[in-house]
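Below are some notes for a colleague going through this entry, set out as numbered points. Please read them with the coordinates open.

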Amino acid sequence: MGEFKVHRVRFFNYVPSGIRCVAYNNQSNRLAVSRTDGTVEIYNLSANYFQEKFFPGHESRATEALCWAAGQRLFSAGLNGEIIEYDLQALNVKYAMDAFGGPIWSMTASPSGSQLLVGCEDGSVKLFQITPDKIQFERNFDRQKSRILSLSWHPSGTHIAAGSIDYISVFDVKSGSTIHKMIVDRQYMGVSKRKCIVWGVAFLSDGTVISVDSAGKVQFWDSATGTLVKSHLIANADVQSIAVADQEDSFVVGTAEGTIFHFQLLPVTSNSNEKQWVRTKPFQHHTHDVRTVAHSPTALISGGTDTHLVIRPLMEKVEVKNYDAALRKITFPHRRLISCSKKRQLLLFQFTHHLELWRLGSTVATGKNGDTLPLSKNADHLLHLKTKGPENIICSSISPCGNWIAYSTASRFFLCRLNYEHDNISLKRVSKMPAFLRSALQILFSEDSTKLFVASNQGSLHIVQLLEGSFKHLHAFQPLSGTVEAMCLLAVSPDGSWLAASGTSAGVRVYNVKQLKLHCTVPAYNFPVTALAIAPDTNNLVIAHSDQQVFEYSIPDKQYTEWSRTVQKQGFHHLWLQRDTPITHISFHPKRPMHILLHDAYMFCIIDKSLVSSSLLPPESSLESL
Amino acid sequence: MAALEEEFTLSSVVLGAGPDGLLGVEHSDKTDQFLVTDSGRTVILYKLSDQKTLGSWSVKQGQIITCPAVCNFQTGEYIVVHDNKVLRIWNSEDVNLDKVFKATLSAEVYRIHSIQGTEPLVLFKEGAVRGLEALLAEPQQKIETVISNEEVIKMYCMFLIIFFHGNYFAYVQTFHSRVLSKYTLLLGQEEKVVIQSFTASVDRKFISLMSLSSDGCIHETLIPIRPTDPEKNQRVVRSLLLKAVVSGNARNGVALTVLDQDHVAVLGSPLPASKECISIWNIKFQTLQISKELPQGTSGQLWYYGENLFMLHGKFLTVIPYKCEVSSLAGALGKLKHSQDPGTHVTPHFVNWETSQGCGLGCQNSEQSRRILRRRKVEVNLQPEVPPSKQLLLTIKKDSEKHIEVELRKFLAMKQTPDFHAIIGDIVTGLLERCKAEPSFCPRNCLIQLIQTHVLSYSLCPGLMEVALQKTDVQLLQLCLQQFPDIPESVTCACLKLFLSIGDDCLQETDVNMESVSDYSGTAQDEKMEEQTKILQNGFNPKEDNCSNCDQELNEKPQDTTKETISCPVIPKRAALLNAILHSAYSETFLLPHLKDIPAQHITLFLQYLYFLYLKCSENATMTLPGIHPPTLNQIMDWICLLLDANFTVVVMIPEAKRLLINLYKFVKSQISVYSELNKIEVSFRELQKLNQEKNNRGLYSIEVLELF
């Protein structure tokens, strides 16, 4: 196979932000996750837990609440007092609306999904009507003394429980008036705390209200009488989150100690009809606060300050003991944050608010397998590029020649020219970007660095000719009529004549760059595309999907290659299919056309197409993650 | 877990039950009232909760009731058939059966089937079915023949079972559609098996037909309720549910009843010789839930209504209320078959040695494991002569010791069959039986040979070690201790007692395996040899000598511990035996009480030996003893602790042990101080290791060579 010099780069110290909210959508089996930097990510739990969409964060938009409503619509609310709806097709913010109640601490959608309720800093609970294209303020409920930290709707939609500081209120939805105020005990292990914050409430259909609070208690209240029924002291610290299963036979709470507890409604004795809530299982998958939990039909989902998203399947609910029954821990984003200039041996790292440019070191020594070679030159940090404005960087790229850097935020597109004079680097921003290049979801340079391909969030693809110090807009491929789906992945052939682009659900489209027209569309596959690449010489498009399937499609012939058909017939090795992290990058061996190089967050592997006769074996060699 | 409650007999009057028992027990329209029809002339109405008779009706002398009385739930009247064709209908106010409604039918009635909610159905012996009302409207109507002449109705339960030339057919007729479908029950290979009892239960899609065969197995056959093709004769296959529930050749009949989806009640004798039992089995876990002996015999009939089982016990109708709760696996496994007598029988579901032990003794045990059955069969088929194991067993019963030995050697040289261990167990049991019967018979060599087959265990031949203990055969005991994985603590302790108390001169004559002591006592051996010669020269009682020696050592040289450390307190042969004890498996809780029974002087001796081993162990770095299979340090330490625990006061009180205890204490203390030092060193090493690892860590950036393939 050959010998490689592997640059082990451990200086990309990317730290994901902590998770603030998770919201599970039962209909589409998707999970929305919001992070403390305002980023919202959407995971498709049916597609091998792939992070298929993301909305870049914003410094002022600290998300405090996230919910699905009206079927597939996603709303968030935060401390800037705005309610935001996201456009899941175009991948941008649809609109933001101020609730005029100060910072919003909580939000919940009505059981029917037609109304939205927010709890504000000033103690107001505001009801919004969800209209087909917007939301509309309807009325206020009785104003409370202090901020509303948690809200829960009775499944019938008639009552609401709201957790505040030191008490829980029960509202009648029709009248908007408070029916009961249930005072939460401030006492904590005999010591009276200053305040007891009700972090979470859940309203069950039998009228029970479950509350979790900063004194470490999980309490059951009877909403009809306003009395405390039962109290469990489960933690020495705050219990910060609660989520109830749809069947109301189990719920999960997360504590500031990093533990989540599973409660189940179980018969008191076997064969008895009398049931009671029992704390059944504790799980400790987090090191820090579990800020949020969700309960899918088969799993407990938790996220918190330690940035891990943990999906813990409930063994009794999993019917087939396959790989879905395994614990999933998702830490890193499933998209590319590094781009590379082959010619100048440069690496561009993308952080939330800045870019770093590094030059790789070099060595003159040789060695045998596993040797660490002495460095003749260490890696250099060349550039630290901070973005302007409060928005997070969506994507970035460095041209193969190393002379161009492009990056984009939600509202601005930046293109910079780098000049190298011996050891000095000068950076010159190309000003006056055209209006259509406002924001990009993916940026790609052609192999010869003369063209720039930009996938904008309106679904269009722009081709820009790069000249010394300036640029020229060549063409824009508009999305097919009727679709606004944004393209998230791009790949260009090394000879520069083909461009492949893929969105989240539809098939991969291949454009002819020379003739500037759509060449063909690769048939859509059930699972989202996680990586794309076009092989040199053959112009075969290699597509990796989130279910670990790899397809090879011949662009000139407009059909799958013989190898791909054989592989699909035989099927991949089960060990390969069982891996849970998506492939994030595909490359090709420059001298061996039969080899496809793939990597994900944990592994680097090689597919040798000549060995296909035996069923595809698990990769021979793997490298550790960054 | 199912439970059978206290039984009670229903009638103070002896029923006229003949050898055929009762005709039937049927539910009346009122709860806990039952109609009992005896095979003579009487129908009795019982109230169960009061255990009293509410009414009794008889047919005239010369007439005979041929079909059990049933209640028409729609009208509350009772119906009975006498002399095959005469139908009588009456209610509870009627006194004389002769004066009640009478209808003479044109064909012979087999049964009247009456269930709540529908009109009673009359089943004729020819297989036709009529509704009661239609029949009464025209009693003399012609009744067609459904089944052929050779077929006989054996049993019915909403459908018929017909016996015909050794084949069984099931006819299913649904109440509404009146479509009759015929099924052939395929019995499988066992041709001679006769089905002795049937029972059926219905769920939504299938009729589950359970049959109890003469080989004592329960089979289940699923018959679809809605037949796919009613015209065709369909075949249904039965599947085995339970094995060996009752003895195959029971004198009386056996009966089977489904109680609920998991439980069946079986009436019959579990062993050929034993009394009849009523037992409840869990089909799901295939376990016996409860069993109750019925010493006065039954008629082999069983009915159940609600939560009561009805059967004829002796001359009386007996009612046993039962309860079937949903079983958990643990609960189901909790009860063994013969809990009242665990020594003699073990449930067949722990397919194990002891069942076959019974067979070996020639007794036709019904609880034979399947394997044995199959083997038997194969052997019977292939070679009609007696199998070699049988022959050997016969030899053991009669022949001389020498002959047995020769035969045994021949047998062991043969190819091993899968049930080899069971046969070996039988042989050992046979030998021991004869040992007990004839005190002069002592087949030592045979037993040693058998133990060395490595297939024996204590539970396979419980008597073996007892016999060896009686005969103080230490060699045999050592072998057993080495080979058996499951020796009870009491027996281990009895062996220990024997090993400690047996005289040195006796030991010298025995041929004990010295593997475990070979090397480490090398230094001691010389001394011991001297000692032995001394013994011979002085002509002392060796035991006394041994002890006095210890005493002397303790008394005379209290300071000189070093010399003490190198001399083994017991002779090598005893050491080998004690090592066998050290190796044996035990559970502390069960061992401790037995250890208390060992005399003080033996405790001291054993402690001395253990202390000696401990010192020996500590001599080298790996903390092991030399030799092929020496006791491990853990075993030694455990036994020291056990002995001290069990005999704490004794050891404290007796002066002989004082010196020993002090030495032990000193040594342990010194060891602890050594280990605490080692702890400190370990910490420093750990730090060094950490530093080493850090050096290997290549920092944030490195270039490495990677070769693939």
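1. Since this is a predicted model, the points that follow describe computed geometry. A convenient place to begin is helix α19 of chain B, which covers residues 633-646 and has 14 residues; at 1.5 Å a residue it should span 20 Å, and its end C-alpha atoms are indeed 20 Å apart, so expectation and model agree.

2. Several side chains of that helix are shielded from solvent: L633(B), I636(B), W639(B), I640(B), L642(B), L643(B) and A646(B) are buried in α19(B).

3. One of these residues, L642(B), can be related to another helix of chain B, since T589(B) lies in helix α17, residues 588-595. The C-alpha atoms of T589(B) and L642(B) are separated by 10.0 Å, although the two residues are 53 residues apart along the chain. Their surroundings are to be described separately: T589(B) has a relative accessibility of 60% and therefore counts as exposed, the cut-off being over 50%, whereas L642(B) is listed among the buried residues of α19(B).

4. Turning to chain A, an open sheet is formed by 4 strands in the order β6-β7-β8-β9, with antiparallel pairing. At its edges stand β6 (63-69) and β9 (92-98), and because each has a single partner strand, one side of each is left without a neighbour in the sheet. From one strand to the next, the twist averages 25 degrees.

5. Within this sheet, the pairing of β6(A) with β7(A), the strand of residues 73-78, is antiparallel and comprises 6 bridges. One bridge that can be checked directly is that between A69(A) and R73(A), the latter lying in β7(A). As general background, strands of a sheet pair through backbone hydrogen bonds, in either a parallel or an antiparallel manner.

6. How many residues does each chain bring to the contact between chain A and chain B? Chain A contributes 29 residues and chain B 12 residues. Between them the two chains bury about 2,200 Å², of which 59% is on carbon and sulfur atoms. On the side of chain A, R8(A), R10(A) and N369(A) supply 23% of the area that this chain buries against chain B, which is more than any other three residues.

7. Finally, on the cysteines, the count of disulfides over all chains is 0 when the sulfur atoms of a pair must lie within 2.5 Å. Two cysteines may be inspected for their exposure: C416(A) is buried because its relative accessible area is 2%, under the 20% limit, and C617(B), at 0% relative accessibility, likewise counts as buried.

Definitions and conventions
Residues are numbered from 1 along each chain as its sequence is written. Chains are lettered from A and ligands numbered from 1 in the order in which they are written. This is a predicted model: local features need pLDDT of at least 70, side-chain atom pairs count only at pLDDT 80 or more; totals for chains, interfaces and linings use all residues. Side-chain values use heavy atoms; hydrogens and water are left out. Buried means under 20% relative accessible area, exposed over 50%, partly exposed in between (1.4 Å probe, protein chains only). Helices (H or I, at least four residues) and strands (E, at least two) are DSSP runs, numbered from the N terminus. The expected span of a helix is 1.5 Å times one less than its number of residues. Two strands pair if DSSP finds at least two bridges between them. Axes are lines fitted to C-alpha atoms, for helices over the stretch in contact, and angles run from 0 to 180 degrees between N-to-C directions. Contact means heavy atoms within 4.5 Å. Buried area is the accessible area (1.4 Å probe) that two parts lose on being put together, summed over both.
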